[in-house]
Number of protein chains: 4
Amino acid sequence: MKDETIILTGNNLTIEHIAKIACEGTKIKISEEAWKRVEDSRKLVFDLADSDIPIYGFTTGVGWNKDKRVFKEFFKQYNENLIHCHTLGVLPEASQKEVRAVMLARLNPLLLGATGIQPAIVNMYQNMLNFGVHPVLPERGSVGEGDITCLSHIGLAMIGEGEVYYNGNKMPASEALKKVGLKPVILGPKDGLAIVSSNALSAGQGALVVKEVKDLIKIADAIYALSLEGLNGNTSPLDAKVHEMRRFPGQIISARNMRAYLEGSYLWDKDRKPKALQDPLSYRGAANIHGSLRDALEYVEKYLLLHINTSDDNPCVMVKERRIESCSNFEVATWVTGFEMLGIMLSHVSKVSCYRTIKLSTPYFTNLPRFLSPADDVICYGTIQKVFVSLDSEIRHLSNNASSDYFSMAGDIEDHACNSVYVVQKTRKIVDDLVYILAIEAMHSSQAVDLRKNPNLGKGSKAVYKAIRSEIPFYDRDRNISEDIRKAYNIIKSGKMLKMLMASMME
Amino acid sequence: MKDETIILTGNNLTIEHIAKIACEGTKIKISEEAWKRVEDSRKLVFDLADSDIPIYGFTTGVGWNKDKRVFKEFFKQYNENLIHCHTLGVLPEASQKEVRAVMLARLNPLLLGATGIQPAIVNMYQNMLNFGVHPVLPERGSVGEGDITCLSHIGLAMIGEGEVYYNGNKMPASEALKKVGLKPVILGPKDGLAIVSSNALSAGQGALVVKEVKDLIKIADAIYALSLEGLNGNTSPLDAKVHEMRRFPGQIISARNMRAYLEGSYLWDKDRKPKALQDPLSYRGAANIHGSLRDALEYVEKYLLLHINTSDDNPCVMVKERRIESCSNFEVATWVTGFEMLGIMLSHVSKVSCYRTIKLSTPYFTNLPRFLSPADDVICYGTIQKVFVSLDSEIRHLSNNASSDYFSMAGDIEDHACNSVYVVQKTRKIVDDLVYILAIEAMHSSQAVDLRKNPNLGKGSKAVYKAIRSEIPFYDRDRNISEDIRKAYNIIKSGKMLKMLMASMME
Amino acid sequence: MKDETIILTGNNLTIEHIAKIACEGTKIKISEEAWKRVEDSRKLVFDLADSDIPIYGFTTGVGWNKDKRVFKEFFKQYNENLIHCHTLGVLPEASQKEVRAVMLARLNPLLLGATGIQPAIVNMYQNMLNFGVHPVLPERGSVGEGDITCLSHIGLAMIGEGEVYYNGNKMPASEALKKVGLKPVILGPKDGLAIVSSNALSAGQGALVVKEVKDLIKIADAIYALSLEGLNGNTSPLDAKVHEMRRFPGQIISARNMRAYLEGSYLWDKDRKPKALQDPLSYRGAANIHGSLRDALEYVEKYLLLHINTSDDNPCVMVKERRIESCSNFEVATWVTGFEMLGIMLSHVSKVSCYRTIKLSTPYFTNLPRFLSPADDVICYGTIQKVFVSLDSEIRHLSNNASSDYFSMAGDIEDHACNSVYVVQKTRKIVDDLVYILAIEAMHSSQAVDLRKNPNLGKGSKAVYKAIRSEIPFYDRDRNISEDIRKAYNIIKSGKMLKMLMASMME
Amino acid sequence: MKDETIILTGNNLTIEHIAKIACEGTKIKISEEAWKRVEDSRKLVFDLADSDIPIYGFTTGVGWNKDKRVFKEFFKQYNENLIHCHTLGVLPEASQKEVRAVMLARLNPLLLGATGIQPAIVNMYQNMLNFGVHPVLPERGSVGEGDITCLSHIGLAMIGEGEVYYNGNKMPASEALKKVGLKPVILGPKDGLAIVSSNALSAGQGALVVKEVKDLIKIADAIYALSLEGLNGNTSPLDAKVHEMRRFPGQIISARNMRAYLEGSYLWDKDRKPKALQDPLSYRGAANIHGSLRDALEYVEKYLLLHINTSDDNPCVMVKERRIESCSNFEVATWVTGFEMLGIMLSHVSKVSCYRTIKLSTPYFTNLPRFLSPADDVICYGTIQKVFVSLDSEIRHLSNNASSDYFSMAGDIEDHACNSVYVVQKTRKIVDDLVYILAIEAMHSSQAVDLRKNPNLGKGSKAVYKAIRSEIPFYDRDRNISEDIRKAYNIIKSGKMLKMLMASMME
């Protein structure tokens, strides 16, 4: 599977492609048409420059310095200067997976031929990705209208300066390039701008966040299924017809998944003792609320992919029309505000997970012992509510709008921004906190079904149970629970639970 | 046009229909199939109740009282009690237009036959709308999982209690019903729940907010066009090809509109004196940012309409399947978080409008006098920036997430909520503030083109200019500007500017 | 009492003075020393102007126009222009009480002689207040570094333009002035600036908010006392020693009040049936949490009064030193961020009130019927939780920071702002919502003690009970509860409950 | 200096003490009276328990389990269980300095004798601090009404389980205790609760945040002074008299500092070329705004110290009165909402620092080259604005209220929370971001005075300049600026700049 190579065309990258290339190291290859577009685009830029039309970032400075002229004899120097003084990233560093996603998110749109970049640099992206040379990339410092302050760190490595990770070690870029047999690039006109003027940082990190949410929503559906078994709850709110009548796409999928995960569960037995007429909304409405997360995610994924598969360059080189136009295609408000919505929806999913967990500790709802305690002298989950509640509060706090705060900059020329990078990073944090919250829910629901003396579990919910119990034993006497939490978190974070879930559904 | 009647089927209402019925008083008529569904649904509920299946809100209490039995002989009493003690709305009152939209948003889903309501009540909605009898509806007090605390006020009027507006006067409901020849309804089983258990308040008010944003975004595009003329700015960022390459649907539409509005403008003249190489982002990126608002709006409109054209009833009556199921189809997180996103996008549109206005006051960008002052001894717009900046701050503040704050209620059964009502109402406030901000932009751009000695304006931008100048003269000496602001606000708010704009494009 | 006259000195105004003058119409009189300072200050400004030192807003323009010279012969014209073009307020209007507080908050600092204003204008403030001539004052449009856009409306009335309220009627300012025998003022140098350049709008409105919170915290303590009786809760957390040991000033006061309000209550009876070992935190911690509100309030009151009793003028006239200096004493971040803290504390007080109310509806905690229902067929407070929860969510939303959002304005000279006006107004809204929430708590606790068959109540808690029952009877069968809520709200809002409480403590 | 020993009495710890003990390893010694109180308190608890009064957490369970009885023979087991199952902290770990501050914040109130803890455990706190044995302390997972989920990790180490840091290495607690010659404690009755039931995590971390802000505000004042020299700005807003008249304590101190830091500066020269009549507010109002931060800080420091010097135990043991009372002295809303206010004030200070920096890059204000570029072909600080603007946006986002979000927990007994831990930690993050922002301001102001050809600098501002130039040379040609930023950040963060500043003022 790792031998497969993904062909890049500039316009058909999916979230799954990005995850494979970024996280699994899948190799890439640029398609022939794409190469042609890159070359045509470069040629056009030179042709136009020869005809003395001032071209932003090519024969002129950038930003407020757009009124300054750049002369041919200084192209290399000017572009190196530009890389140097744009190298402005603030710690912490992006992870290496993220750096790969970021480079890919820059490379792909280059293949559309709207940039006019030097083809050798395009090749450099491809080679660094395929050889595993990952520039050190501080992830803060961009307001996200172009992540120019951070992407410069990639440019720095390309010209053989700064540092990179290679084979797990941090080293000078020049050394790593040598090791893999690459030569630093020589910057020509517009190349500096072409490297930095892109939203690839937020787009690349964002793509991995989207991937994580796509996976996590499946996990959430499956953990819900186990919790419903822990509660001995009603399955009627999962009724297919009920959701079809409502026609919201997300809830139809979540309800379908939940039913599938519960296939074979004791919950469907007709002769079980009577249940409550209606369960709390955190149970009854789970398919709807998780479904709303799917709806929001679908919006974000659609527009983020549109971003990654079109060019956000300014100026925009139009090869067919033989024109270069100043534009604002680096504006990303559509999907950045989508991420804001996504964060808010994650806050809702977090809340219902927390409430489900609280219910599992409450005898009134479960007819099980308080705090799922296995015996009278065991305190068990009496205090753990503070943990997930505090994490939920973090999520709530992070879910406030962060996209529309900025200053007018660069001599009042840059008077709009989206904080795309920060918005993506706060969403990443929200997702990480939610992993903890769902992990604790799974700990509770596993304990609850154990206390029910292991009735038949559903196909998928059993996989959740097994994943938890593969590392965390039944809680029989008081122990350091923080270790259980960390394990449960890792079982989800590492993908282990998802893998077991998917495998169980394939049987 | 007012003689037209809109046929309600339960599943094909549009925002434009709602606006017509709510704001223009267009009459409605329920389709025959719809009537049949309503009747079949009512019959089914009775059949099932006879077979002794407990039905939530029919033979049982609601909420935490679901464990209580309701007996046949007390149906009327119980349902009146239910209406009475659910009458919990808090001031201020919804406008009459809004009340109409709310009643319509409740009526339409009833027509799908998923409620089991008494047909006479369905008829009552129709009649009250057609006769213009509008219950007094306090608009606060709902957490939006079912606006049961507010919709009860409509039920109250239907049974001849409480107050209504009729022909512009507030009067007892009983009196108004008499005037139009209607008799109060007699509540039967489930009717109380059927009237209140719906999100019609947020959905109805939300539909009018969506309508207002749909109109306002056209206005924003047109005012931008006039501001670009005020600035003597670049048209290249409106280039069709540039936006097509980016493929984001909203920006393609906004750019197209802007080009159309600028048809005939002096900005396209080749021989104008040279402009800046790149304008500030608030100008250069306007099509993109306004376009992102269109993208967000498209999401909200799609799902809000899905809501209004499907049933949010619990329990859900399925006539074909002859079943009633407990469900959570009143969960509205998809479109409520969509409104959150919409509010954030409106904040961005507000910011760029503000920045465009500031630029128009700045000689560095316009080569016009500071603050667009017509003469040395006139202070003109020297202080007005505080006004729109303070309104923009309100918008920023309101754009924070308000949907995921709630308590667990009703004996911990109701442990999820969306605050749909408040979210919609804060969005309504955001939109209203934005009307002021755009109004002030239009005042500036009109003054700017006047100071440019009236060059040729575009088809649409000229309409904006004329709308402003129809009530607000050129600023030639210092005067009470708050009156100008109020006039400009009303020119937009009343629809006058849109009407003039649309007319101009039809010529 | 109304015959009393409050002497204004410029430096010893209290919140209680402001409330009396603003809300009760108490007359004012300017002290002699104050008059002398005003006159000396005016004289100094003229002296310095004669010596040809440029004085901001006197011989120069204001804001970005500070580079413009104003010549003597145009003083009147320039200052009228300034008033005109600063008249920029946006609706809604401030209440008349608020307008009085605003005028007072402007007048008082003028008496310190740091302004250099024309004495006749000082007199005009005094006269308009004493005659009850209240300019129409739109309350929005200021970013709060100087509420210049709004205070201009007061200046407008002073020169006989615009509108005012007089004897409850809106009329032209010129007409009202004539009625009371006043002549419009003739503006001299610096007078325009002196009228508008002040934070009197936020300070005046803020003072009334502080007054309302000071009163409301007493009400909250007393309602808590009644709720504790409704719950049959523990009094041990009110133990004086416990709070003394903690030494936080607010909680010591609240606990003392609560004990006093409970004097004579059945709760102190030794032979009552046993209670829970510890009550929920909303009860157990009420003195602490209400006390924290007192701590926050003390901070706000201290600094707001410091503001009102010192000069926020720029430039600052120093009579003794015979100098005028440019300064930033209009910066108000200390007390504006204090209001932000106050809003957050009010959110906490709101939450514990809500939770107390929920407990009163929960048999597990009260051993009373669910939802305090008086009989099996009465639904009672089954749905009302949605009402206060939704209002609490509003409060939560409003409690986010609104003070640090602004644009750089006026040619980038005005690059700081506090949004003091909006912050005060959102706090006013928070307080109003909290009145509803406490009102509903009082409705519940009154019902609870009734269901306990009227045990002996405390001195203060009985007053709360009586205030509620003076208009709202025992809930014996289901009725329109929204009317009860409105009444209970008014009982608090109007001051009736406080008056009855204070009277009861005097007996 | 390090040999000094600080005597702990329970009631006179200062922020400076805490910083010394936590950050510099200063030894502690418990006073004799304190010991006596501890012993008396322990004795009383046993006496009362003997008389069969149920004592929360001693003879009963905690939280919802307060209805459970704990019998003498199980004291050790029960208390170990309690520690185990309360061990719930979530990563990341607190720093070792913070762990020390946390232990101290728990130890000090124990000395008041309100806890009834076993004296051997008190001794253990002292010994671990003096020997430098620092439990691994995950810093998340508490809602801050008692940081019981995290402080348990300290208890765990005390009983010889879990991990600690010792001499820079992570190792099992048992191993470290052995190395320093300590034996694990044997838990007796109430000891488990006594260890965990405290707000020491937030109080300890909070104390270090307060210390950092106290230092940083001096730095901010000094950097401002250098920026004023960079701008060639007006000193008149620093006039002592102007601030005295206003009487706000913070601004009087900041203005005094600023004047002192500017002693000897060229700015005071009478014969300098004329300046602008009024500088932008970020300069003119700096003393006021920095002063407001001092005002807010004074509130926080006062109440945080009150917290640390009184007992937050529940139940509260009163030795003199020979009573134990249930209470809520662990409620911390006063100082937690104080931290919220502090965060908001830091946001204002951040904003004015950013605006000052932007001004330094703007020729209109400085008459220096654009972006402080030393030569035409050097781009210099053309892009760095994005860096500090993005960090300021983080601060803005973090400054929203996070204290009033929580769930009702533990069987609805714990229905209030403050999120004190998260609030403190977000404030810590705000402060860290502000260090970057001020660091970048200092880079700019140093460059600006260099471009002014090194005029005479003030005593304090020169120290700032020298601190920067000690590691960061004049920007003469384009280079990787991210390294400069990191250095400048470290110069402040490490205390180097403060030390140089203080030294310069002593000369």
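1. A friendly place to start is the pairing of chains A and B in this predicted model. Chain B superposes on chain A through a rotation of 180° with 0.0 Å of shift along its axis, and the RMSD is 0.0 Å. The two copies are therefore related as by a two-fold rotation axis. The same surface serves both copies, since 100% of the contact residues of chain B recur in chain A.

2. On the contact itself: 67 residues of chain B are in contact with 67 residues of chain A. If you would like to trace the chain B side by element, those that each supply at least two residues are helix 10 (240-246), helix 12 (281-284), helix 13 (286-308), strand 8 (316-318) and helix 14 (333-360) of chain B. Which of these gives the most to the side of chain B that touches chain A? That is helix 14 of chain B, with 13 residues.

3. It is also worth looking at the chemistry of that side. By class, the side of chain B that touches chain A has 25 nonpolar, 26 polar and 16 charged residues.

4. Turning to the inside of one copy, the domain assignment of chain A gives domain 1 (5-198) and domain 2 (206-300 + 332-363 + 370-506). How far apart do the C-alpha centres of domain 1 of chain A and domain 2 of chain A lie? The distance is 38 Å.

5. The two domains of chain A also touch: 16 residues of domain 1 of chain A are in contact with 18 residues of domain 2 of chain A. On the side of domain 1 of chain A that touches domain 2 of chain A, helix 1 (15-24) and helix 4 (96-110) of chain A are the elements that give two or more residues. By class, this side of domain 1 of chain A has 8 nonpolar, 3 polar and 5 charged residues.

6. One last detail is in chain D, where an open sheet of 3 strands has the order 4-6-7, with antiparallel pairing. Strand 4 (133-135) and strand 7 (169-172) of chain D are its edge strands, and each pairs on one side only. Direction ignored, neighbouring strands of this sheet are turned by 40° against each other on average.

7. Within that sheet, you may like to look at the pairing of strand 6 (residues 163-166) of chain D with strand 7 of chain D, which is antiparallel and runs over 4 bridges. As for individual residues, Tyr166(D) has Asn169(D), in strand 7 of chain D, as its bridge partner.

Methods
Residues are numbered from 1 along each chain as its sequence is written. Chains are lettered from A and ligands numbered from 1 in the order in which they are written. This is a predicted model: local features need pLDDT of at least 70, side-chain atom pairs count only at pLDDT 80 or more; totals for chains, interfaces and linings use all residues. Copies are superposed by least squares on the C-alpha atoms of residues with pLDDT of at least 70 in both. Two residues are in contact if their C-beta atoms, placed from the backbone, lie within 7 Å. Ala, Val, Leu, Ile, Met, Phe, Trp, Tyr, Cys and Pro count as nonpolar, Asp, Glu, Lys and Arg as charged, and the others, Gly among them, as polar. Domain bounds come from an automatic or database domain assignment. Two strands pair if DSSP finds at least two bridges between them. Axes are lines fitted to C-alpha atoms, for helices over the stretch in contact, and angles run from 0 to 180 degrees between N-to-C directions.
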